[in-house]
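User: I should like to learn how to read the charged pairs, the burial and the overall fold of a protein model. Please take each feature in turn, with the general idea before the case at hand.

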Amino acid sequence: MRMTDSFTKQVYIRNELGLHARPAAQIAQEAAKFSAHIKLKVGDLEADAKSVLDILSLAAARGKSITLQAQGQDAEQAVGHLERFFLDGFGES
């Protein structure tokens with residue numbers, strides 16, 4: 001794969017409390033397993049998926065749409081992995 005490979009997927013926050021500290025930390029931990037540059041986008045806001053503080057700055061509540069965007073060698077795997085994490089409601093649903 002080329003370094004320019006880019007993948008995007010739209011997911012929704014399903015858990016009751018939204019994107020609070022525990023899932024933000026889990027997302028950052030999971031994203032760190034990949035070399036791809038991964039972003040989370042909510043409306044006009046954008047966060048580095050490997051930064052807990054960036055993720056918390058999105059203040060994303062239940063039902064919000066989030067765009068997962070990754071660029072790099074393992075971008076497709078990173079987006080797929082994080083998508084499953086969101087679909088699972090961060091283990092809180």
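Analyst: A salt bridge is a side-chain nitrogen of Lys or Arg within 4 Å of a carboxyl oxygen of Asp or Glu. The general idea is that side chains of opposite charge can pair when their charged atoms come close. The model shown here is predicted. In this model, the side chains of Lys9 and Glu83 meet in a salt bridge, with 3.8 Å from N to O. Lys9 lies in strand E1 (residues 6-12) and Glu83 in helix H3, so the pair ties together parts that are 74 residues apart in sequence. Lys9 is partly exposed, with a relative accessible area of 35%.

User: How many salt bridges does the rule give in total?

Analyst: The count comes to five salt bridges. One of them joins Glu30 and Lys33, whose closest N and O atoms are 3.0 Å apart.

User: Are Glu30 and Lys33 buried or exposed?

Analyst: The reading rests on relative accessible area: under 20% is buried and over 50% is exposed. Glu30 has 15% relative accessibility and therefore counts as buried. Lys33, at 56%, counts as exposed.

User: Which residues are joined into one network by salt bridges that share partners?

Analyst: Consider the pair of Lys41 and Glu46, whose side chains meet in a salt bridge at 3.5 Å, N to O. Lys41 is partly exposed, with a relative accessible area of 25%, and Glu46 counts as partly exposed at 45%. Salt bridges that share partners join Lys39, Lys41 and Glu46 into one network.

User: What should one check for a charged residue that has no salt bridge, such as Asp74?

Analyst: One checks its burial, the nearest opposite charge and its contacts. Asp74 is buried, and the nearest side chain of opposite charge, Lys50, is 6.8 Å away. Because the rule asks for a nitrogen within 4 Å of a carboxyl oxygen, that distance leaves Asp74 without a salt bridge. Asp74 sits in the loop between strand E4 (65-71) and helix H3 (75-87). Leaving aside residues up to four places away in sequence, Asp74 touches Phe34, Ser35 and Ala36.

User: Which residues make the nonpolar surface patch?

Analyst: Val52, Leu53 and Leu56 make a nonpolar surface patch of about 250 Å². Val52 lies in helix H2 (residues 52-56). At 31% relative accessibility, Val52 counts as partly exposed. A residue enters a patch with over 30% relative accessible area, so the 31% of Val52 meets that cut-off.

User: In what order do the secondary structure elements run?

Analyst: The chain has three helices and four strands. From the N terminus on, the elements run β-α-β-β-α-β-α.

User: What do the overall dimensions and the contacts show for this chain?

Analyst: The radius of gyration is read against the value for a compact globule. With 93 residues, such a globule would have a radius of gyration near 12 Å, and the protein chain has 12 Å, which agrees. Along the principal axes, the C-alpha atoms fill a box of roughly 40 × 25 × 20 Å. Of the contacts between residues at least 6 apart in sequence, 72% join residues at least 24 apart.

User: How much of the chain is buried, and what area does the chain expose?

Analyst: Buried residues make up 40% of the 93 residues. The chain exposes about 5,200 Å², and carbon and sulfur atoms supply 50% of that area.

Note on methods. Residues are numbered from 1 along each chain as its sequence is written. This is a predicted model: local features need pLDDT of at least 70, side-chain atom pairs count only at pLDDT 80 or more; totals for chains, interfaces and linings use all residues. Side-chain values use heavy atoms; hydrogens and water are left out. Helices (H or I, at least four residues) and strands (E, at least two) are DSSP runs, numbered from the N terminus. Buried means under 20% relative accessible area, exposed over 50%, partly exposed in between (1.4 Å probe, protein chains only). Lys and Arg count as positive and Asp and Glu as negative; His and the chain ends are not counted. Contact means heavy atoms within 4.5 Å. Patches are made of residues with over 30% relative accessible area and no salt bridge: like charges are joined within 9 Å, nonpolar side chains (Val, Leu, Ile, Met, Phe, Trp, Tyr) within 5 Å. Accessible areas come from the Shrake-Rupley method with a 1.4 Å probe; for residues, only the protein chains shown count as cover. The radius of gyration is taken over C-alpha atoms; the globule rule is 2.2 Å times the number of residues to the power 0.38.
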